[in-house]
Amino acid sequence: MEFIELIEAVKAAIPSEGAGAAAAIGAALPWLTLLATLLTCFLGHKLHRIWLQFVLFCIGFVLGLVVSVFFPQEVSFTYFIVLGVVLGGLGVYCTRWIHKAQLFLMNAFFVYVALPELLEKFLPGGLSVLIGLVAAVIVGILAVRYKFLVTIITTAVTGASSAVHQIFHLLNWNEGAF
């Protein structure tokens with residue numbers, strides 16, 4: 001999985017004084033990822049708004065912290081943390097107005113993440129990505145019209161696929177068996 005490899009690369013870049021925390025995070029992260037994929041698989045429709053609110057809160061919080069770069073060191077960092085929380089709260093508040101766009105993006109993203117990976121075993125890489133992109137747009141459009149059915153199907157399939165890959169990773173099994 002690309003996410004696990006990215007986290008392992010970030011973990012390798014941590015200085016030696018943070019090695020204990022990095023080891024603890026590295027040991028817990030695969031299990032937390034498995035928990036998130038199983039929650040997405042079984043409770044995806046109920047959790048899709050919560051996931052969106054979490055992502056928008058994180059974006060707002062990070063934007064609040066990024067603003068601190070443009071101010072002198074004398075300004076207390078606490079102000080920027082408060083600004084990040086306020087911007088994150090505004091992001092959560094805005095989720096009620098972007099519901100249809102969120103349905104389209106979330107379902108299209110789930111299909112685009114899962115489908116090319118499944119198709120690349122049968123089709124060349126570029127063709128599987130193109131088919132995945134077209135299918136993602138079609139599923140995103142269908143999700144706006146039939147939100148319950150499409151969201152349940154995409155979160156179940158994507159969550160199950162990710163959970164299987166994560167279990168194989170945790171057990172050191174060969175993923176090429178399927």
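Throughout this tour, a contact means heavy atoms within 4.5 Å. The model is predicted, and for this reason local features need pLDDT of at least 70 and side-chain atom pairs count only at pLDDT 80 or more, while totals for chains, interfaces and linings use all residues. Residues are numbered from 1 along each chain as its sequence is written, and side-chain values use heavy atoms, with hydrogens and water left out.

Begin with the whole protein chain, coloured by secondary structure: it has six helices and zero strands, where helices (H or I, at least four residues) and strands (E, at least two) are DSSP runs numbered from the N terminus. Read along the sequence, the pattern is α-α-α-α-α-α. Of the 178 residues, 30% count as buried, a word that stands for under 20% relative accessible area, with exposed meaning over 50% and partly exposed lying in between (1.4 Å probe, protein chains only). Among contacts between residues at least 6 apart in sequence, 67% join residues at least 24 apart.

Next, select threonine 40, which is placed in helix 2 (residues 19–66). Threonine 40 has a relative accessible area of 11% and is therefore buried. Show its surroundings as sticks: once neighbours within four places in sequence are set aside, threonine 40 is in contact with Trp51, Phe110, Thr155, Ala156 and Gly159.

Stay on helix 2 and move to leucine 52, whose relative accessibility of 15% is why it counts as buried. Apart from neighbours within four places in sequence, leucine 52 is in contact with Thr95, Ile98 and Gln102. A distance label drawn from leucine 52 to histidine 99 should read 9.5 Å between C-alpha atoms, although the two residues are 47 apart along the chain.

Now select histidine 165 in helix 6, which counts as buried because its relative accessibility is 14%. Histidine 165 and leucine 34 are 131 residues apart in sequence, yet their C-alpha atoms are 9.1 Å apart in space.

Then display helix 5 and helix 6 together, which pack at an angle of about 135° with their axes 6 Å apart; the axes are lines fitted to C-alpha atoms, for helices over the stretch in contact, and angles run from 0 to 180 degrees between N-to-C directions. The two helices are therefore oblique to each other, since angles under 35 degrees count as roughly parallel, over 145 as roughly antiparallel, 65 to 115 as roughly perpendicular and the rest as oblique. Val139, Leu142, Ala143 and Arg145 of helix 5 make the contact with Lys147, Val150 and Thr154 of helix 6.

Finally, switch to a surface view and select Leu127, Leu130, Ile131, Val134, Ile138, Leu142, Tyr146, Leu149, Ile153 and Val157, which form a nonpolar patch with about 890 Å² of accessible area together. Helix 5 (125–145) and helix 6 (147–171) are the elements that give two or more residues to this patch, and helix 5 contributes the largest share, six residues. Patches are made of residues with over 30% relative accessible area and no salt bridge, with like charges joined within 9 Å and nonpolar side chains (Val, Leu, Ile, Met, Phe, Trp, Tyr) within 5 Å; a salt bridge is a side-chain nitrogen of Lys or Arg within 4 Å of a carboxyl oxygen of Asp or Glu. Leucine 149, in helix 6, is exposed because its relative accessible area is 55%.

Conventions. Areas by Shrake-Rupley, 256 points an atom, 1.4 Å probe, with all protein chains shown as cover.
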